[in-house]
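Q: Can we go through how to read burial, salt bridges and cysteine pairs in a model like this one?

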Amino acid sequence: HEDMRRLASTDSLTGLLNRRAIETAAQTETALSLANGVPLAAILVDIDRFKIINDTFGHRFGDLALTQVALCLQENIRTIDLVGRVGGDEFAIVLRNTEWESAMTIAERLRASLASLLVDDGEFQTGIRASVGLARLDASIRDWDELVLRCDRALYSVKESGGNLVATC
Ligand code: C2E
Ligand code: C2E
């Protein structure tokens, strides 16, 4: 059933692909890109100090923030790209058939768009900051897991320097 399949692959809060679904799609996409010599880039987005937002304003407000972040990501990439929620406040994006220079532009566009968000539930208001880690397929990478590891390392370096930046690895 098409409806059942969509439910099983969707993150219920944000409507994005869930972790399992984006991982499955990304693994396939990575293998195809490697086999065909097509460029591909991956992005991890992690909301800065999300735990503080949650603890300060409550879980409902945290959920609103996550929903707005998801929408913002979706609106700033092409429909052919993949975006999923891979952790509480972490999102993964697969840029299909995208050159490295473009990927860097897109990553910065995403960071800047998120930084311009205002989360407002009528009672509380806060801005959003996010750390962005970016990596591309090259000859040294064999699969999606290795690509994500690179993104993770880049993300770690952004977190170390205070967040709200894009880093590559
Ligand atoms: P740009 O924004 O500097 O993007 C340069 C190139 O990066 C694009 O070349 C495309 O190859 C890649 N790119 C940019 N954003 C994305 C993305 O979200 N996903 C993927 N997969 N690739 C992306 P292209 O297609 O020749 O476009 C040239 C210029 O045309 C773009 O320069 C932009 O100024 C404009 N453009 C094209 N499509 C759109 C669109 O849907 N919305 C807007 N606002 N501008 C667009
Ligand atoms: P789409 O291709 O799915 O792109 C969705 C959104 O991702 C765009 O919304 C834009 O915010 C961002 N985006 C995608 N590609 C680019 C890009 O190359 N550069 C920049 N700066 N942003 C990009 P937007 O702009 O409202 O466009 C909505 C839809 O209109 C696009 O959906 C696409 O189907 C179409 N479109 C807009 N501009 C162009 C264009 O220059 N060329 C083509 N072929 N289609 C366009």
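A: Sure, starting with burial: buried means under 20% relative accessible area, exposed means over 50%, and partly exposed is in between, using a 1.4 Å probe and protein chains only. This is a predicted model, where local features need pLDDT of at least 70, side-chain atom pairs count only at pLDDT 80 or more, and totals for chains, interfaces and linings use all residues. Side-chain values use heavy atoms, with hydrogens and water left out, residues are numbered from 1 along each chain as its sequence is written, and chains are lettered from A and ligands numbered from 1 in the order in which they are written.

Q: Is Arg96 buried, exposed or partly exposed?

A: Arg96 counts as partly exposed because its relative accessibility is 25%. Glu29, at 16%, is buried.

Q: How many salt bridges does a search of the whole structure find?

A: The general idea is a side-chain nitrogen of Lys or Arg within 4 Å of a carboxyl oxygen of Asp or Glu. Here the search finds ten. One of them joins the side chains of Arg96 and Glu29, at 3.0 Å from N to O. That pair links distant parts of the chain, with Arg96 in strand 3 (residues 90–96) and Glu29 in helix 2 (residues 19–36), 67 residues apart. Helices (H or I, at least four residues) and strands (E, at least two) are DSSP runs, numbered from the N terminus.

Q: Which parts does the salt bridge between Lys159 and Asp46 tie together?

A: Those two side chains meet at 2.9 Å, N to O. Lys159 sits in helix 6 (residues 144–160) and Asp46 in strand 1 (residues 40–47), so the pair ties together parts 113 residues apart in sequence. Lys159 is partly exposed at 33%, while Asp46 is buried at 11%. There's also a network of salt bridges linking Asp46, Asp48 and Lys159.

Q: Where do Arg150 and Asp138 lie?

A: Their side chains form a salt bridge at 3.4 Å, N to O. Arg150 is in helix 6 and Asp138 in the loop between strand 6 (130–136) and helix 6, so this pair ties together parts twelve residues apart in sequence. Asp138 counts as partly exposed, at 30% relative accessibility.

Q: Why is there no bond between the sulfurs of Cys151 and Cys169?

A: A disulfide is a pair of cysteine sulfur atoms within 2.5 Å. The closest cysteine sulfur to that of Cys151 is in Cys169, and no bond forms because 8.6 Å is too far. A search of the whole structure finds zero disulfides. As for burial, Cys151 is buried at 1%, whereas Cys169 is partly exposed at 43%.
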